[in-house]
Amino acid sequence: MSTGLSALPARAARWSATHPWRAIGAWLTFVAIAVGLAATIPTNETEDADYRVGESGRADQWVEASGLAPSPYESVLIRSRAGQLDQGEAQAAARDVTDRMRAAPGVAAVEGPVPSADGEALLVSVELTSEEVDIGPLLDETAAVQASHPDLVVAQAGDVTIGDAIDERVGEDLHSAEFISLPITLVLMLIAFGAVIAAGLPVLLAATSVAATVGISAAVSWLVPAEPTVLSMIVLIGMAVGVDYSLFYLKRERRERAEGRTTLDAVAIAAETSGHAILVSGAAVITALAGLFVLTDVTFNSLAAGSIIVVAVAVLGSITVLPALLVKLGRWVDRPRIPLLWRLNRRVGTGTISGRLIGPVVRHPVAALAVSSIGIIALAVPAVTMKTHQASIETLPADIPAVQTLRDITRAFPAEGTSAQVVVTGAEPAAARAALERLASDAERTDDFVADGAEVRTSQDGDTSVIDLALPYEEADDRATQAIERLRGSLAPAALGDLGDDSAWAVGGGAAASLDYGNKQDQRLPILLGFVLLSTMVMMVLAFRSVLLGLVSTVLNLASVAVAFGLLAVVFQHGVGEGLLDFTSPGFVIDWIPIFVFVVLVGLSMDYHVFVLSRIRELVDAGLPAREAVHRGIADTAGVITSAAAVMVSVFAIFATLSMMEMKMLGVGLSAAILIDATVIRLVVLPAVLVLLGDRVWVRRPEPRVTDAVPEPIAVT
């Protein structure tokens, strides 16, 4: 008999089966309380200071502490709609903008107009009193000026405008994903079960798990601040694992009933088999996600916390309330039936079709392994060329008006785009000013910086001085990174090195922050890789008592990750499929995406991997030869694996259709990789390897086959 933690699903199912109404009531109460938390506890969101890293973080901190941080501002761009700019009309429009903005609420000052280098554009800068200003009235004033000057383009953009527009777009995307994912998942479940109630149970459990997690996450955010994308991740991961766990459990329970078991016995057997697989799989997913904490990054901390909670809640529901619902519903779980789908499901559920498909792999494992490996390597090779960078203006949706305006501003006024901020603290003010001015002159001679118009700003106490040096490159350009490295490595030390022992300096700005972030991740990435791969391998060894099986699982996980990285590079870095997915390639992959894809893919692929291996292990323990156990185990679980993968792929593919580039990358990377992982890797490579290794993989245990055991009677109250 199972003991310790492995017996937890069976004990939980037994209690739920004997007290079904208590289990159902407890789950509903838990979800209601959790949802109530979201309504009563405000979410503690991340702040700009949470993202500070390395030298750029120090520079930003010094600037903020000295009071030299610039006030938030909006920019109004004035240019010709077609042809050469009419200077008279442009100046009139600029005066109109200036007068209107000065009278608008929340405006501290208005500066300009400033002409572009080619004279084809004017820029009016509007300083705001705070970031909390309602930007609506200012946009209305800009629209009024645009209406008065139809031959010109008068457009507004700034940090507040961009932030509000992105928040609105993320909300729309999330609502769209939620609206589409539920009906698609329900349709897939109808195909998988052929009965309405059976199809609805996994969707219901997943939806309540997500709802509960949203509430719990609001409270947890006061320990781990919530990043804006965490809600999307909760929906993404929650729907995938919630449906899959219920699917595994329900499929096994129906299989046992089809073989003549009573509902109570079927639930008990499902708890000892699929329930145990769910517990191991959930632990593997949580362990993999926990690896994100080693990066000590606010974004990954938030994503890890939200994803871990939703997985834990889904596991809890699968081994508690689901058995209770199955006991109360009994055979009504297979009602009402959809005739065509029911007959198809019964046909596929026998494993006959999948058994025929897997037959050639089992008979010719070397050929199957060779062919599939060639395909996997071909898909993975582009990963070698993958370039990563922080999200920037190039990765924002171009159909957001403020984004397009900001791109136009940075093209016409390079100083408004990428820049390096050099901060000196602890030096005598006059000496600091002279050194920074000398640095600006030296930097401009390298052609990597534009110092024209750059002014040294000094704090009121004279302790901190700052100068901003514009770069003539986009932030994601490799030349911008090289310029920052040259500034830090030679230019700044030469100009600022003689300011005294009590002084300190640092180079900040967007390009410097991106460089520092990348360097930090490069340092910690090996720790993450080692933690995730080693911990999941150890879990597989403990679960199946086979070191060889743990090594095989780790190699297959690495193959899946390599394919995902290769696809990300091909699609988003090299732009293959831009038209189909409606985006413009930024020439790189957003830096946090590969790390998150790695962790999530390793975790989620363990779902069906553990489920398949558990069935094969069951058959091996029953005395079947290794080759026959692999053949039958894969055939028995192929239908469930296909359904589980279809749910994951469909949910993730929805995110590939959203407008935000991060969500699009995440959706493409995960959906394509899981599709290949669940088909080629787990249904071709895995059985081929297991057949070739034979009995060496398995440590046979002298336990009776659980499907032949007669469970203890369960008395339902």
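This report walks through a four-stranded sheet, some salt bridges and the setting of one glutamate in a predicted model.

Let us start with the sheet. Its four strands follow the order β7-β8-β6-β9, pair in antiparallel fashion and form an open sheet. At the edges are β7 (457-458) and β9 (504-508), each of which pairs on one side only. Strand β7 is joined by two bridges to β8 (residues 464-470), and these two strands run antiparallel. One residue pair to look for is R457 with its bridge partner V466 in β8. Helix α3 (residues 54-66) packs on this sheet, where it touches β6 (419-425), β8 and β9. The direction of α3 makes about 110° with that of β9. Helix α17 (residues 478-496) lies across β6 and β9, and runs at about 155° to β9.

Next come the charged pairs. Side chains of opposite charge can pair when their charged atoms come close. The structure holds 28 salt bridges, including those in this table.

| Acidic residue | Basic residue | Closest N and O atoms |
|---|---|---|
| E256 | R252 | 2.8 Å |
| D477 | R479 | 2.8 Å |
| D636 | R632 | 3.5 Å |

E256 and R252 are about one helical turn apart, because they sit four residues from each other in helix α8 (residues 230-258). Both of these residues are buried. For D477 and R479 the surroundings read otherwise: D477 is partly exposed at 22% relative accessibility, and R479 is partly exposed at 46%.

D636 and R632 are both in helix α22 (residues 626-656), four residues apart, or about one turn of the helix. D636 has a relative accessible area of 15%, so it counts as buried, while R632, with 33%, is partly exposed. Salt bridges with shared partners link R252, R255, E256, E259, R261, R615, E618, R632 and D636 into one network.

Finally, have a look at E120. This residue is found in the loop between β2 (107-115) and β3 (121-128). Its relative accessible area is 28%, so E120 is partly exposed. Which residues does E120 contact, leaving aside its neighbours within four places in sequence? They are I78, R79, S80, G83, Q84 and L85. With L85 there is a polar approach to inspect: the backbone nitrogen of L85 lies 3.0 Å from a polar atom of the E120 side chain. For a sense of scale, the C-alpha atoms of E120 and A144 are separated by 22 Å, with the two residues 24 apart along the chain.

Note on methods
Residues numbered from 1 in each chain as written. Predicted model: local features only at pLDDT ≥ 70, side-chain atom pairs only at ≥ 80, totals over all residues. Heavy atoms only, no water. Buried < 20%, exposed > 50% of the residue type's maximum accessible area, 1.4 Å probe, protein only. Contact = heavy atoms within 4.5 Å. Polar contact = N/O pair within 3.5 Å; in protein donor to acceptor, adjacent residues only side chain to side chain. Pairing = 2+ DSSP bridges. Axes fitted to C-alpha atoms, helices over the stretch in contact; angles between N-to-C directions. Salt bridge = Lys/Arg side-chain N within 4 Å of Asp/Glu carboxyl O.
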